[in-house]
Amino acid sequence: MVSRVKRLFIGRPMKSEELGEEKLSKLKALAVLSSDALSSVAYGTEQILLVLMTVGVAALWYSIPISVAVLGLLTILILSYRQTIFNYPAGGGAYIVAKDNLGLSTGLMAGGSLLVDYILTVAVSSSAGTDAITSAFPSLHDHRVLISLIMITFLTVLNLRGISESASVLALPVYLFVCSVFVLIVCGIYNYLTGGVSAPQPVSGMTMSGVGLFLLLKAFSSGCSALTGVEAVSNAIPNFKKPAEKNAAVTLMMMGVILGSMFIGISLLAYWYGIQPTEKETVVSQIAASTFGRGTLYYIIQGVTALILFLAANTAYSAFPLLAFMLAKDKFMPHMFMVRGDRLGFSNGIIILGVLSALLVIVFHGNTENLIPLYAVGVFIPFTLSQLGMMIKWIKRKPNGWVLKLIINSIGMLTTLVITFIFIITKFSQVWMVFIFLPVVMFIFYSIHKHYLNTADELRIQIDIDKPVIKGSTIVIPVAGITRVVLNTISYAKSLTDNVVAVYVGFDDEEIQKMEAKWEEWNPGVRLIVLRSRYRSIMKPLIRFIDTVEWKTADTDHITVLIPQFITKYWWQNILHNQTSLLIRAYLFQQKDIVIATVPFHLNR
């Protein structure tokens with residue numbers, strides 16, 4: 001039943017040889033890996049205007065130079081990550097760059113920041129998509145958490161079906177959003193230039209009191225929220241068709257051109273139309289209403305905008321499992337993240353991402369606005385470390401043209417570092433958690449790594465010295481009575497060795513005498529050892545007996561505890577029986593270096 005449900009939702013298992021078919025073309029990769037970055041067009045300009053509005057409407061003209069500055073930083077990041085793609089074609093982005101050039105701890109800081117950022121991406125995006133739905137249908141507001149969880153479940157299942165299939169599904173809405181925004185920008189510019197829109201005359205170049213460097217930097221850093229997700233392509237290079245690095249670089253450039261064009265276009269229209277951000281209506285909504293009126297085109301733009309905000313989470317589903325795989329490969333995350341599922345994706349990473357983001361939505365009751373600054377800091381820390389790592393690389397190796405590359409990365413590093421500090425200073429009450437979770441995440445990484453190293457040391461053998469030791473065998477069978485299950489177990493044990501002993505733990509003299517008499521009458525050819533338990537405990541007397549057997553025979557024999565167990569026909573029938581055999585097995589596994597085996601006997605009714 002479980003298998004049939006799994007096949008229904010996930011699809012048929014795929015052969016390992018089919019992995020090449022799961023690689024992404026440039027157009028599919030653009031849809032999957034850029035949904036987070038492209039969706040930020042819906043709120044990037046708005047974040048700039050919200051900061052500028054604190055000192056008055058006249059300050060809104062600063063949005064244009066600030067948007068140009070954001071566009072400049074986007075250009076630097078795109079060029080920088082393009083260099084990263086060609087220098088680190090195995091993927092991993094900021095984690096690999098920082099680890100290779102700045103040291104292991106710095107690399108883990110970048111990797112930990114990105115992992116947490118991807119979890120926040122899914123939680124924030126699903127909540128943003130839910131907000132769009134509940135805005136259109138206010139009666140659903142009380143069910144916002146449930147709607148967000150349904151969205152996360154949908155994306156999780158979709159990605160478990162394979163990255164190629166999820167790309168095919170997601171390509172249409174992503175490209176529909178891009179086309180809709182470009183139609184809006186072109187029509188908006190045409191309407192403005194031809195006087196088709198009555199908008200307040202924008203004022204430029206006015207000097208205002210209250211507008212200082214700090215405010216402008218704060219507005220700039222807020223606008224840089226439009227750059228989240230830019231690093232995803234460099235993390236996911238192995239997902240591309242060959243030549244993977246060339247296709248990834250082209251995809252990155254395409255994303256940069258599309259994102260930059262849409263962002264500057266929305267900023268210009270917002271300035272020309274005199275748009276002021278309000279709590280009730282987004283900037284994109286106001287531009288669309290001014291351009292098309294509240295007709296069909298307006299609602300199409302609003303619909304695809306809401307959809308892309310939700311689908312922005314899919315970028316994390318592509319990047320998180322790959323980054324987790326690389327950390328697991330380096331022994332800093334559990335090895336389960338290295339396992340490919342039925343559909344050749346890293347399904348454990350996909351599932352864990354879905355579960356953790358769902359928990360965030362539940363804990364914050366679907367109101368994840370307070371997580372956005374933390375989400376932005378989680379992006380810009382890896383941005384900064386990646387740029388710094390590339391700077392060190394150029395200085396050390398000095399390849400052809402390294403000076404220009406160094407200048408690009410230096411400008412990018414200084415800019416993203418300043419933005420990070422601005423976020424921390426201006427929104428400390430919301431981002432202070434970064435100073436707790438990053439050390440905690442790194443402590444977890446190192447603890448996992450230490451465990452794997454210690455385990456490897458204990459399990460390692462010297463091939464020229466350590467050889468198998470041939471011993472005899474002593475089998476201990478705990479019994480609760482004389483039944484067909486015990487008969488089956490003794491028959492199996494006698495086929496292995498004659499050195500078999502049955503152990504019975506009794507609680508009172510009468511039942512012990514009955515058991516001894518019945519065993520003698522049955523006479524299975526196996527000696528019965530009776531242990532008396534004054535405190536009605538089976539485990540303690542049994543463990544003491546096994547200790548005694550070990551003390552006497554450990555040098556000559558392997559000790560095996562063979563546990564008789566009957567298996568009921570239906571799962572609910574297990575509830576009707578005590579689970580002593582399970583408890584014995586669990587306890588011995590934890591306490592003893594002996595062989596523990598179960599001999600099952602299946603009941604037919």
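Below, a colleague and a modeller talk through buried and exposed parts of this predicted model.

Colleague: Which helix gives the largest share of the nonpolar surface patch?

Modeller: The patch covers about 720 Å² and is made by Phe428, Trp432, Phe435, Ile436, Val440, Phe443 and Ile444. The largest share of these, 5 residues, comes from the helix that spans residues 434-459, which is helix α20.

Colleague: Is Val440 buried, partly exposed or exposed?

Modeller: Val440 has its place in helix α20, and its relative accessibility is 42%. Buried would mean under 20% and exposed over 50%, so Val440, with its 42%, counts as partly exposed.

Colleague: How many residues of helix α4 are buried?

Modeller: Helix α4 runs through residues 44-52 and is mostly covered, and what covers its buried residues includes α5, α10, α12 and α13. The buried residues are Gly44, Thr45, Glu46, Ile48, Leu49, Val51 and Leu52, which gives, of the 9 residues in α4, a buried count of 7.

Colleague: Which helix gives the most residues to the largest nonpolar core?

Modeller: In soluble globular proteins, nonpolar side chains tend to be buried together. Here the largest nonpolar core has 139 residues, of which Leu227, Val230, Met262, Ile287 and Leu327 touch the most other members. The helix that gives the most to this core, with 13 residues, is α12.

Colleague: How many residues are in the other core, which lies apart from the largest one?

Modeller: In the largest core, Ile287 touches residues including Leu184, Ile266 and Tyr273. Apart from this core lies another, with Val501, Leu531, Leu542 and Ile563 among its members, and its size is 19 residues.

Key
Residues numbered from 1 in each chain as written. Predicted model: local features only at pLDDT ≥ 70, side-chain atom pairs only at ≥ 80, totals over all residues. Heavy atoms only, no water. Patch = residues over 30% accessible without salt bridge, like charges linked within 9 Å, V, L, I, M, F, W, Y side chains within 5 Å. Areas by Shrake-Rupley, 256 points an atom, 1.4 Å probe, with all protein chains shown as cover. Salt bridge = Lys/Arg side-chain N within 4 Å of Asp/Glu carboxyl O. Helix = DSSP H or I, 4+ residues; strand = E, 2+ residues; numbered from the N terminus. Buried < 20%, exposed > 50% of the residue type's maximum accessible area, 1.4 Å probe, protein only. Contact = heavy atoms within 4.5 Å. Core = buried A, V, L, I, M, F, W, Y, C linked by side-chain atoms within 4.5 Å. Lists of a residue's contacts leave out its neighbours within four places in sequence.
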